[in-house]
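Notebook open, coffee at hand. I'm jotting down what I looked up, starting with charged side chains and then moving on to a pocket.

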Amino acid sequence: MAKRPSGKRYSQALFELAVDQGQPDQWAESLKFAAQTLDNAEFRALLKDAKVPSAERVKAVTAVLGDLPPMVQNLVSLLVARGLIDLLPQVAAAYEQLLDQYRGRQQVEITSAVALTQGDRQHITRFVGDLIGRDVVLTTSVDENILGGLIIQIGDRLLDGSTRARLEGLRKQLRSDVLASAG
Amino acid sequence: MTTRGQDIVSLIRRQIEEFGGELSLVDVGTVVQVGDGIASIQGLQGVRSNELLDFGNNIMGLALNLESDLVGAAILGDPNAVKEGDRVRSTGQIIEVPVGDALVGRVVDPLGRPLDGKGPVVTTTTHPVERVAPNVVIRKSVDTPVQTGIKAIDAMIPIGRGQRELIIGDRSTGKTAIALDAIINQKGGDLICIYVAIGQKQGKVAQVVGTLEENGAMAHTIVVNAGASDPAPMQYIAPYAGCAMAEAFMEQGKDTLIVYDDLTKHAWAYRQMSLLLRRPAGREAYPGDIFYLHSRLLERAARLDQEHGGGSMTALPIIETQAGDVSAYIPTNVISITDGQIYLEPELFNFGIRPAVNVGLSVSRVGGAAQTRAIRRVAGRLRLDLAQYRELATFAQFGTADLDAATRAQLARGQLATEVLKQGQYKPLSMEQEVIVLFAVNAGLMGDIPLPRCAAFEEQLLRYMSSTHPEIGQAIAQSRDLNQETETKLTQAINEFKATFATQGS
């Protein structure tokens with residue numbers, strides 16, 4: 001596949017700078033804020049418009065993001081100047097991951113059929129924390145379609161303990177067993 | 001019916017008792033881009049090359065490109081059902097197909113799912129689609145023939161079990177017909193045949209299956225079909241899937257024959273996938289590994305030694321050329337991989353010489369060792385006769401009156417040989433029938449038969465031999481040789497028949 005510029009490299013560079021300056025957590029917030037602010041199709045179109053001189057475009061960004069730490073502003077300006085502003089959400093996400101790694105944390109998403117109580121959440125946090133040996137940052141969502149049980153997503157890995165998945169498994173197993181017995 | 005019901009009830013009971021067993025961690029990813037049957041997926045960190053991916057809704061995919069941030073996957077199924085943002089799960093399963101006896105007589109797709117409406121394929125064994133070819137230590141050289149039932153091929157371009165013989169020619173020169181004749185001729189024999197249709201018109205595949213059924217050849221045949229309307233990844237895996245099915249039989253010590261119809265379209269499908277996966281394009285826009293694509297497939301054809309069961313897989317790949325251009329990229333590749341080729345020419349075909357085999361350009365590099373002694377004895381001079389005839393034929397166009405007697409005799413022999421090697425479609429001959437006809441030519445017993453009556457002579461001779469002198473045919477079939485005694489008897493019998501044939505004719 002053709003090489004596309006990856007947000008990872010930019011976030012890595014910014015993160016190293018942040019660690020050097022001792023402000024990785026604040027910059028994460030700023031970066032998230034910048035990504036949210038620029039999440040506007042018209043504004044992004046302006047920032048990619050070749051007819052507008054790049055100095056003007058950079059000026060527009062600094063006007064909007066004036067309150068952010070200078071290095072974060074510089075990163076956004078760099079992306080704008082290179083026409084890579086679409087990478088910003090990726091950079092922010094990758095930065096978040098780097099920060100989690102640095103702090104020994106892991107984002108974990110829990111999907112359940114009913115809303116979880118505080119006690120449940122603590123219980124799950126402890127359980128998953130023991131499982132992966134890292135601090136767990138829990139986000140939860142409710143999806144009635146899974147019928148029951150829990151789906152735990154740890155980064156790129158998924159632990160599917162939902163009733164729906166088990167019923168699917170049962171269906172598959174039954175079908176192949178019935179077939180085998182019929183043969 | 002009640003017992004059946006009871007069975008199912010007990011099954012469900014067991015299932016309920018064991019319900020909700022252990023859980024396992026799976027890798028997941030998100031589709032970031034999808035188009036032309038190719039999906040780019042973010043995540044899927046632990047995925048392996050050629051692993052099956054689950055896109056949900058019963059759609060599977062094949063992980064092909066593993067990059068630092070993304071995984072490029074081919075979608076095996078309806079590509080329009082996959083959207084950006086869909087979650088993809090890895091299955092931990094390298095792509096596999098069901099194998100075994102249950103497949104014989106069936107028409108299946110490259111994943112082993114039935115296409116013939118005859119119910120599910122019930123088999124518990126599966127084999128990975130991609131496998132490393134048997135190594136040199138467990139192989140044996142080719143020594144047993146595959147009788148195709150086609151005189152021209154069995155006599156001059158013999159194919160041995162475990163050989164790879166390419167069938168090459170322009171469109172509609174009878175490439176598929178040769179492969180089908182070879183399959184039909186295995187009726188009642190011990191060869192299991194697999195016909196892999198790659199990128200063919202569905203109508204043509206239906207016709208092929210119909211022909212095989214009509215001739216009672218489906219009983220020993222599996223048809224693997226990835227049609228022209230199937231996605232390119234399906235066409236890409238089809239020959240490997242068919243090969244895996246044949247391999248399973250080979251490992252059981254059985255002999256198999258596999259036809260890949262055709263590898264040109266296979267290369268096209270792979271080119272499409274590679275370009276969409278943005279792999280660098282090379283000559284004729286094929287990717288760099290196009291040679292390996294076919295060499296690793298054809299290398300899996302083998303003859304195993306006795307210690308490993310003695311099974312074999314004979315491969316008959318088919319290549320379609322454009323305007324007879326055998327020096328194009330794919331034809332030269334496959335010619336260099338295979339152990340010989342059967343070259344079909346449109347000129348011969350239009351001339352009425354069918355099968356339209358160009359004897360000069362066709363070779364079999366290893367099959368000679370496998371030829372039955374009986375056929376070798378009668379076919380020895382045929383090739384030479386034909387080669388000399390072709391040289392003289394150009395002169396003969398200007399009239400034969402001025403030529404000396406020896407040249408005229410040579411011309412006559414060549415014409416006779418060409419005439420005798422013509423053969424109708426779906427009319428394969430048994431080994432002893434081939435021997436009888438070729439003996440008649442070789443011994444000069446057919447020299448006085450006018451050319452237009454050759455076909456009738458041959459047909460009636462074979463009928464006469466089987467009704468009046470069946471013992472001669474049996475002797476040849478049993479000994480697989482032609483000894484002095486049988487030869488004398490055969491000459492006598494043919495002369496007897498000629499007497500009756502001459503009177504019929506006049």
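I began with D143(B): is this residue buried or exposed, or something in between? In this predicted model, D143(B) has 38% relative accessibility, so I noted it as partly exposed.

Next I checked its partners. D143(B) makes a salt bridge with K140(B), at 3.5 Å from N to O. K140(B) is partly exposed too, at 28% relative accessibility. R303(B) also forms a salt bridge with D143(B), and here the closest N and O atoms are 2.5 Å apart. That pair links distant parts of the chain, 160 residues apart: R303(B) is in the loop between α7 and β16, D143(B) in the loop between β9 and β10. R303(B) has just 9% relative accessibility, which is under the 20% cut-off, so I wrote it down as buried.

Then I looked at D255(B) and R161(B), whose side chains meet in a salt bridge of 2.8 Å, N to O. D255(B) sits in strand β15 and R161(B) in the loop between β11 and β12, so this bridge ties together parts 94 residues apart in sequence. D255(B) is buried at 13%, and R161(B) is buried at 10%.

Over in chain A, I found D39(A), R44(A), K48(A) and D86(A) linked in a salt-bridge network. Over all chains I have 38 salt bridges.

Last entry: the second largest pocket, with a volume of about 1500 Å³. Its lining has 46 residues, and among those closest to the centre are A93(A) and Q45(B). Which element gives the largest share of the lining? I found α6(A), with ten residues. By type, I listed 13 nonpolar, 19 polar and 14 charged lining residues.

How values were computed:
Residues are numbered from 1 along each chain as its sequence is written. Chains are lettered from A and ligands numbered from 1 in the order in which they are written. This is a predicted model: local features need pLDDT of at least 70, side-chain atom pairs count only at pLDDT 80 or more; totals for chains, interfaces and linings use all residues. Side-chain values use heavy atoms; hydrogens and water are left out. On a 1 Å grid over the protein atoms alone, a cavity is a set of points where a 1.4 Å probe fits but cannot get out, and a pocket is an open set with protein on both sides within 12 Å along at least five of seven lines; lining residues have an atom within 4 Å of a point. Grid points are joined across faces, edges and corners, and a volume is the space filled by probe spheres set on the points. Helices (H or I, at least four residues) and strands (E, at least two) are DSSP runs, numbered from the N terminus. Ala, Val, Leu, Ile, Met, Phe, Trp, Tyr, Cys and Pro count as nonpolar, Asp, Glu, Lys and Arg as charged, and the others, Gly among them, as polar. A salt bridge is a side-chain nitrogen of Lys or Arg within 4 Å of a carboxyl oxygen of Asp or Glu. Buried means under 20% relative accessible area, exposed over 50%, partly exposed in between (1.4 Å probe, protein chains only).
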